[in-house]
Amino acid sequence: MATNILLAEDEAVLGKLVKEAMESKGFTVQWAKNGSDALQAYKKEQPDICILDVMMPGIDGFTLAKQIRAINADIPILFLTARSQTSDVLKGYESGGNDYLRKPFSLEELYLRINELLRRTKTTVSTEDIADEYKIGKYTFLPQAQLLSIDNEKIK
């Protein structure tokens, strides 16, 4: 099953270029041309990762990231933007972004960053892979996986 990307980019040429490049790498890409459409697409498609421009009509990328984070605290969010001031980068991370890539950028770097974010967030560690586990009352802690469980609920 292909990884589903939500791309929020209002520049038509860049949006088309990124969409086609990522689809050629095996991803499925849902492209929204403004923040409002991106939020609706997120709710409908439930993508695996979001790539957001910052300066978009409707809802800007920082606000969109906050709204997506309110729905799903764990989805990887990568900002892809021309806003390159340190204050913008900080605002990107503060609004819920996991990574920030400045325009102009290399499609190969974008591909690598997407894969790295997916690797970090999709990694699941089974209890067979962990040698050390600590039990404290009803709690079980797996330090290598940074996983705490109680009554079949797991917290990363």
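Leu 110 is a good place to step in: this residue is buried, with a relative accessible area of 0%, where buried means under 20% relative accessible area, exposed means over 50%, and partly exposed is in between (1.4 Å probe, protein chains only). Leu 110 sits in helix H5. Bear in mind that this is a predicted model, so local features need pLDDT of at least 70 and side-chain atom pairs count only at pLDDT 80 or more, while totals for chains, interfaces and linings use all residues. Residues are numbered from 1 along each chain as its sequence is written, and side-chain values use heavy atoms, with hydrogens and water left out.

What does Leu 110 touch, not counting residues up to four places away in sequence? The list is Val 18, Met 22, Ile 51, Leu 78, Leu 80, Leu 101 and Phe 105, a contact being heavy atoms within 4.5 Å. Ala 21 is 89 residues from Leu 110 in sequence, and their C-alpha atoms are 9.9 Å apart in space.

Now zoom out to the helix itself. H5 covers residues 107-122, and at 1.5 Å a residue its 16 residues should span 22 Å; the C-alpha atoms at its ends are 22 Å apart, which agrees. That expected span is 1.5 Å times one less than the number of residues. Leu 110 has company in H5, where Tyr 111, Ile 114, Leu 117 and Leu 118 are buried too. Look down the axis of H5 and its buried residues fall within an arc of 130 degrees, so they line one face of the helix; the arc is taken from the directions from the helix axis to the C-beta atoms. As for what they pack against, the partners are strands E1 (4-8), E3 (49-52), E4 (77-81) and E5 (99-102), along with helix H1 (12-24).

At the N-terminal end of H5, Ser 106 acts as the cap, with a side-chain oxygen 3.1 Å from the backbone nitrogen of Glu 108. Glu 108 also meets Lys 25, side chain to side chain, in a salt bridge (3.4 Å, N to O). That pair links distant parts of the chain, 83 residues apart: Lys 25 is in the loop between H1 and strand E2 (28-32), and Glu 108 is in helix H5. Both ends are partly exposed, Lys 25 with a relative accessible area of 38% and Glu 108 with 41%. For the record, a salt bridge here is a side-chain nitrogen of Lys or Arg within 4 Å of a carboxyl oxygen of Asp or Glu. A search of the whole structure turns up 11 salt bridges.

Another of these stays inside H5: Glu 109 pairs with Arg 113, their closest N and O atoms 2.6 Å apart. These two residues are four apart, about one turn of the helix. Glu 109 is partly exposed at 31% relative accessible area, and Arg 113 is partly exposed at 23%.

Where does Asp 53 lie? Follow the chain out of E3 and you find Asp 53 in the loop before helix H3 (61-71). Asp 53 counts as buried at 3% relative accessibility, and its partner Lys 103 counts as buried at 17%. The two form a salt bridge, with the closest N and O atoms 3.5 Å apart. Lys 103 lies in the loop between E5 and H5 and Asp 53 in the loop between E3 and H3, so the pair ties together parts that are 50 residues apart in sequence. Leaving aside neighbours within four places in sequence, Asp 53 is in contact with several residues, including Ala 8, Asp 10, Gly 61 and Thr 81.

One more buried spot is worth a look: Ser 95, in the loop between helix H4 (86-94) and E5. Ser 95 counts as buried at 3% relative accessibility. A polar atom of its side chain lies 3.0 Å from the backbone oxygen of Gly 92. Beyond four places away in sequence, Ser 95 touches Phe 62, Ala 65, Lys 66, Arg 69 and Phe 79.

Finally, the overall picture. The protein has five helices and nine strands, where helices (H or I, at least four residues) and strands (E, at least two) are DSSP runs numbered from the N terminus. Starting at the N terminus, the elements read β-α-β-α-β-α-β-α-β-α-β-β-β-β. The C-alpha trace spans about 55 × 30 × 30 Å along its principal axes. Of the 156 residues, 42% are buried.

Key: Polar contact = N/O pair within 3.5 Å; in protein donor to acceptor, adjacent residues only side chain to side chain.
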